[in-house]
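Colleague: Please take a close look at one part of this model for me, the aromatic rings. Walk me through what surrounds them as well.

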Amino acid sequence: DGLIPEARAAAAEPDTLAHMDLTVSKAYNAAMEKAGLDEGQRNVVQAMAQQQAIGVICAGFTTDAKRFEDEMNIIYYDDKGKMLDVDSDALHLRERQVMLGFGMAFGAQLAIAATNEQAFCEHAEMELTARCQAHDP
């Protein structure tokens, strides 16, 4: 192909990251489906995993433990916001599956960050700036 090894690796990187993301997404969605989470709840758990990874990897970022706890409590409610009425076995299954999914999403973010920590943190900074600008009048 005529590429030096570094160029070949750089050219393959997006495909590798996309493949990694798709693979984790399939496993994540299977765990969340087994847990009975709707799409909104799945997105919250995934966002919390990403925020935790950013807090671990990127200087200047921290995670708010109270907010994390509040957001993760979404797993105890149905899609209408009503507290789940399930037995303890069903609740434990839900908790285990959510923690499995959270671990997958968190691990995937750490792996993505490991490929290019600077770009990962720059992207996190851009997301934070965009979010802040959206909330400023």
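Modeller: **The aromatic cluster and its setting**

The protein has five helices and zero strands. Helices (H or I, at least four residues) and strands (E, at least two) are DSSP runs, numbered from the N terminus. From that end, the elements run α-α-α-α-α.

This is a predicted model: local features need pLDDT of at least 70, side-chain atom pairs count only at pLDDT 80 or more, and totals for chains, interfaces and linings use all residues. Residues are numbered from 1 along each chain as its sequence is written, and side-chain values use heavy atoms, with hydrogens and water left out.

Now the rings. A search of the whole structure turns up two aromatic pairs. Rings of Phe, Tyr and Trp (its six-membered ring) pair if their centres lie within 6.5 Å; planes under 30 degrees apart count as stacked, over 60 as edge-to-face, and the rest as tilted.

Take Phe68 and Phe102. Their ring centres are 5.7 Å apart and the planes stand at 65°, so this pair is edge-to-face. Phe68 sits in helix H3 (residues 65–72) and Phe102 in helix H4 (residues 88–115), so the pair ties together parts 34 residues apart in sequence.

Next, Phe102 and Phe106. Here the centres are 6.1 Å apart and the planes lie at 5°, so the pair is stacked. Phe102 and Phe106 are four residues apart in helix H4, which puts about one helical turn between them. Ring pairs thus link Phe68, Phe102 and Phe106 into a cluster.

How covered are they? Buried means under 20% relative accessible area, exposed over 50%, partly exposed in between (1.4 Å probe, protein chains only). Phe102 is buried at 11%. Phe68 is partly exposed at 23%, and Phe106 is partly exposed at 22%.

Phe102 also belongs to the largest nonpolar core. A nonpolar core is a set of buried Ala, Val, Leu, Ile, Met, Phe, Trp, Tyr and Cys residues joined through side-chain atoms within 4.5 Å. This one has 14 residues, and Met32, Leu37, Val45, Met72, Val98 and Phe102 touch the most other members. Helix H1 (5–35), helix H2 (39–57) and H4 each supply at least two of its residues.

Met32 shows some of the packing. Leaving aside neighbours within four places in sequence, Met32 is in contact (heavy atoms within 4.5 Å) with Leu37, Arg42, Gln97, Val98 and Gly101. Apart from this core lies another, of eleven residues, including Ile54, Cys58, Phe61 and Phe120.

Last, the whole protein. Of its 137 residues, 25% count as buried.
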